[in-house]
Each structure stands twice: as structure tokens, then as C-alpha cells.
Amino acid sequence: MTLLVHTFVYDEPGKLRLLDDPEDGSDMAGFESSRTRLWGSEHARAIGARFFPELAADDLYVQPEDVEDFLAECGLMRGHTAELGAQSGYGEDYVAARLANITRAALRARSVGGGVLVW
């Protein structure tokens, strides 16, 4: 299985709608195993991540009001791609590419007043 990242909006109170996927395949957030080996790892927690570690137990829903904080966390993680890649065994390029996809979804969410789903 693969983790995907999507931007969502609420059409009505409580009715979540995923926006169309980017055509370039940038909806990839990692292998299913990256839930625990990368995003939810002890190393991610140690560097201060609070959103990403939720993936170790469940899907991650970043609500519209939390997107700015999530973008800040993406920036934090970007500063640690080499160590996250080494610690997880995925490599720096893999981590950087998946994090770029997640960051793009968050930037899109900010621009439309939506949120981010990683699942």
C-alpha cells in the first residue's frame, strides 16, 4: 500500500471533499511502512514534529485552521531530511520528495481555505 496526500475542503458543515489529484503524481506521501519508520518515528518526534507522528496510529487530517502550523512543521522536517532518510532507511532524496509533495498539498490547502489529508 501507499500513503497518499490530498487537499480537501468542506462543501457544507462536516462534508469533506477531496480536490482533484495533481496530474504529475505528486500525491505520493510514502510507502505504508513510512507511517512508523519515517513520519511517526521516534526521530521525527524528537525533532519536534507533532502532526506527522499521528500517522503511526491513524490517517492524518490537518484541519484548515492548523495548516499554517503544519507548514511550519514541514519546514522543520525539511531541515532534517538527511537524518530522517538515514534513520528510516529510505534515503534523503526519498524523504525530500515525499515531503515536497506534502508541502505542496498544504500550500494548496492554504490557498483555498482547506485542509490536508495523508492516508
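A crossing of two helices is right-handed if the near helix is turned clockwise from the far one by less than a right angle. Keep that in mind for the first stop. The model on screen is predicted.

**Stop 1: α4 against α5**

Select helix α4, residues 81–88. Then add α5, residues 92–112. The crossing of these two helices, α4 and α5, is right-handed. They pack at an angle of about 115°, and their axes are 7 Å apart.

Now show the side chains where they meet. On the α4 side, pick T81, A82, L84, G85 and S88. Across from them, in α5, are E92, V95, A96 and L99. By class, this contact has five nonpolar residues, three polar and one charged.

Stay on A82, in helix α4. Is A82 buried or exposed? Neither: A82 is partly exposed, because its relative accessible area of 41% lies between the cut-offs of 20% and 50%. Next, click the C-alpha atoms of A82 and Y94. They are 9.9 Å apart in space, with their positions 12 residues apart in sequence.

**Stop 2: α3 against α5**

Keep α5 on screen and bring in α3, residues 67–78. Here the packing angle is about 160°, and the axes lie 10 Å apart. That makes α3 roughly antiparallel to α5, because the angle is over 145 degrees. The crossing of α3 and α5 is left-handed.

Which residues of α3 meet α5? Select V67, E68, F70, L71, C74, M77 and R78. Their partners in α5 are L99, I102, T103, A106, L107, A109 and R110. This contact of α3 with α5 counts 10 nonpolar residues, one polar and three charged.

Pause at E68, in helix α3. E68 has a relative accessible area of 45%, so E68 is partly exposed. From E68, jump to L107. The two are 39 residues apart in sequence, yet 8.9 Å apart from C-alpha to C-alpha.

**Stop 3: two loop residues**

Move to D66, in the loop between β4 and α3. D66 counts as partly exposed, at 25% relative accessibility. Now find G115. D66 and G115 are separated by 49 residues in sequence and by 7.9 Å between C-alpha atoms.

Next, select G48, in the loop between α2 (42–46) and β4. G48 is also a partly exposed residue, at 44% relative accessibility. What does G48 touch, leaving aside neighbours within four places in sequence? G48 is in contact with E73 and L76. Add M77 to the view: its C-alpha is 8.8 Å from that of G48, across 29 residues of sequence.

**Stop 4: the core**

Finish with the largest nonpolar core, which has 29 residues. Highlight W39, F52, F70, M77, I102 and V116, the members that touch the most others. Then color the elements that each supply at least two residues: β1 (2–12), α1 (34–39), β4 (60–62), α3 (67–78), α5 (92–112) and β5 (115–118). Which element gives the most? It is α5, with seven residues.

Center the view on W39. Set aside residues up to four places away in sequence. W39 then touches L3, A29, S34, A44, F52, P53, L55, M77, V95, R98, L99 and I102. Several names return here from earlier stops. M77 and I102 belong to the contact of α3 with α5, and V95 to the contact of α4 with α5.

Notes
Residues are numbered from 1 along each chain as its sequence is written. This is a predicted model: local features need pLDDT of at least 70, side-chain atom pairs count only at pLDDT 80 or more; totals for chains, interfaces and linings use all residues. Side-chain values use heavy atoms; hydrogens and water are left out. A nonpolar core is a set of buried Ala, Val, Leu, Ile, Met, Phe, Trp, Tyr and Cys residues joined through side-chain atoms within 4.5 Å. Buried means under 20% relative accessible area, exposed over 50%, partly exposed in between (1.4 Å probe, protein chains only). Helices (H or I, at least four residues) and strands (E, at least two) are DSSP runs, numbered from the N terminus. Contact means heavy atoms within 4.5 Å. Axes are lines fitted to C-alpha atoms, for helices over the stretch in contact, and angles run from 0 to 180 degrees between N-to-C directions. Angles under 35 degrees count as roughly parallel, over 145 as roughly antiparallel, 65 to 115 as roughly perpendicular and the rest as oblique. Ala, Val, Leu, Ile, Met, Phe, Trp, Tyr, Cys and Pro count as nonpolar, Asp, Glu, Lys and Arg as charged, and the others, Gly among them, as polar.
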